[in-house]
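Here is a short tour of one chain, written to be read with the model open beside it. Let us start with the cysteines and work outwards from there.

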Amino acid sequence: MAGCCNSIARCLLILFNILFWLSGAALLGLGIWFKVDKNINSYLDVIEVDTEDPYFDYAVYVLIAFGAFVFLVGFCGCCGAVRESKCLLGFYIFFLMIIIGGEIAAAVFGFLYKDKVETKVTDLLMETMEKYKTSKNVRNAWDFVQIELDCCGSDSPETWKNLSITYYYNAQPVDFPSTCCVLTDKTKAIDDLDSAMPKDATLCFNATEGYYHSKGCKDGLKDLIMEYNWIIFGVAIGIAFLEVIGIVFAFCVCREINKDD
């Protein structure tokens, strides 16, 4: 009976570590995605995160390294279960506890500083809006975000009007950039920002409802985060649960190894 329980615990531990390997691979993929995806870079440019800055590279590389670490921890647990090695399983339990502790600390930190982060993002949005005319990267980033999220300015189109900047459309001064307008072909405009064409420029710049975007991009970004919030929360809870189960299975296997010894 004890041998049967040991075999079941070992099989479940191996199965768990296959899932753990996959989560490590997912983190690796996420880090690589941040590095190469031009759309992600546009969102970051809007809040003035310089994707060419070495510190951004460091953050991405830390994420990639953490994914690799998770992958290797899973490999350690799997080998420990297959070889019935108390040493490997001990390292595995220790590293899993470190990972869980780090995840808890990150969650608490994020909750405590949520309001400060939102305020900082608002300030950064205003700072980048002031650079709309002078920085091509910032201008392209704002145009992309306004098209993608159907939004205008930090809080509303009024935010653009309150800046001491003159915008032009067809050589005529207007109150806000043309990407605040409802476009004739949004999909094409996302791929080619220069092709952005208002559905009706006159009605748009006269602030006619249905022809321009009245929602601020701060709310648009919050909506984007909330859209994936429950998915991220569910994945995080699922991973934490798997980690706890992995520790329990590892202890069970270690206990059976001790009995055999």
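## Disulfides and their surroundings

Counting bonded cysteines along the chain, the disulfides pair up as 1-6, 2-3, 4-5. Please keep in mind that this is a predicted model. There are three disulfides in the structure, set out below.

| Disulfide | S to S distance | Torsion about the S-S bond and handedness |
|---|---|---|
| Cys151 and Cys217 | 2.1 Å | 85°, right-handed |
| Cys152 and Cys180 | 2.0 Å | about 80°, right-handed |
| Cys181 and Cys204 | 1.9 Å | about -85°, left-handed |

What does each link hold together? Cys151 sits in the loop between helix 6 and helix 7 (157–161), while Cys217 belongs to helix 10, so their bond ties parts that are 66 residues apart in sequence. Cys152 is in the loop between helix 6 and helix 7, and its partner Cys180 is in the loop between strand 2 (172–174) and helix 8 (186–191), 28 residues apart. For the remaining pair, Cys181 lies in the loop between strand 2 and helix 8 and Cys204 in helix 9, so parts 23 residues apart in sequence are tied together.

Are these cysteines buried or exposed? Cys151 and Cys217 are both buried, and Cys152 and Cys180 are buried too. Cys181 is buried, with a relative accessible area of 1%, and Cys204 is buried at 0%. Cys87, by contrast, is partly exposed at 48% relative accessibility.

## Helix 6 and the cores

Helix 6 covers residues 136–149, and its 14 residues should span 20 Å at 1.5 Å a residue; the end C-alpha atoms are indeed 20 Å apart. Its buried residues include Val138, Trp142, Phe144 and Ile147. Just after the helix comes Asp150, with a positive phi near 55°.

The largest nonpolar core has 24 residues, of which Trp142, Trp160, Tyr167, Phe176 and Phe205 touch the most other members. Elements giving two or more residues to this core are helix 5 (114–129), helix 6, strand 1 (167–169), helix 9 (201–205) and helix 10 (217–260). Helix 6 gives the most, with five residues. Another core, of 20 residues, lies apart from it and includes Val73, Ala81, Ile99 and Phe249.

## A lysine beside the cysteine loop

Lys215 is found in the loop between helix 9 and helix 10, and at 31% relative accessibility this lysine counts as partly exposed. Beyond its neighbours within four places in sequence, Lys215 contacts residues including Asp150, Cys151, Cys152 and Asp155. The C-alpha atoms of Lys215 and Gly153 are 8.2 Å apart, although 62 residues separate them along the chain.

Definitions and conventions. Residues numbered from 1 in each chain as written. Predicted model: local features only at pLDDT ≥ 70, side-chain atom pairs only at ≥ 80, totals over all residues. Heavy atoms only, no water. Helix = DSSP H or I, 4+ residues; strand = E, 2+ residues; numbered from the N terminus. Expected span 1.5 Å × (residues − 1). Buried < 20%, exposed > 50% of the residue type's maximum accessible area, 1.4 Å probe, protein only. Core = buried A, V, L, I, M, F, W, Y, C linked by side-chain atoms within 4.5 Å. Contact = heavy atoms within 4.5 Å. Disulfide = S-S within 2.5 Å.
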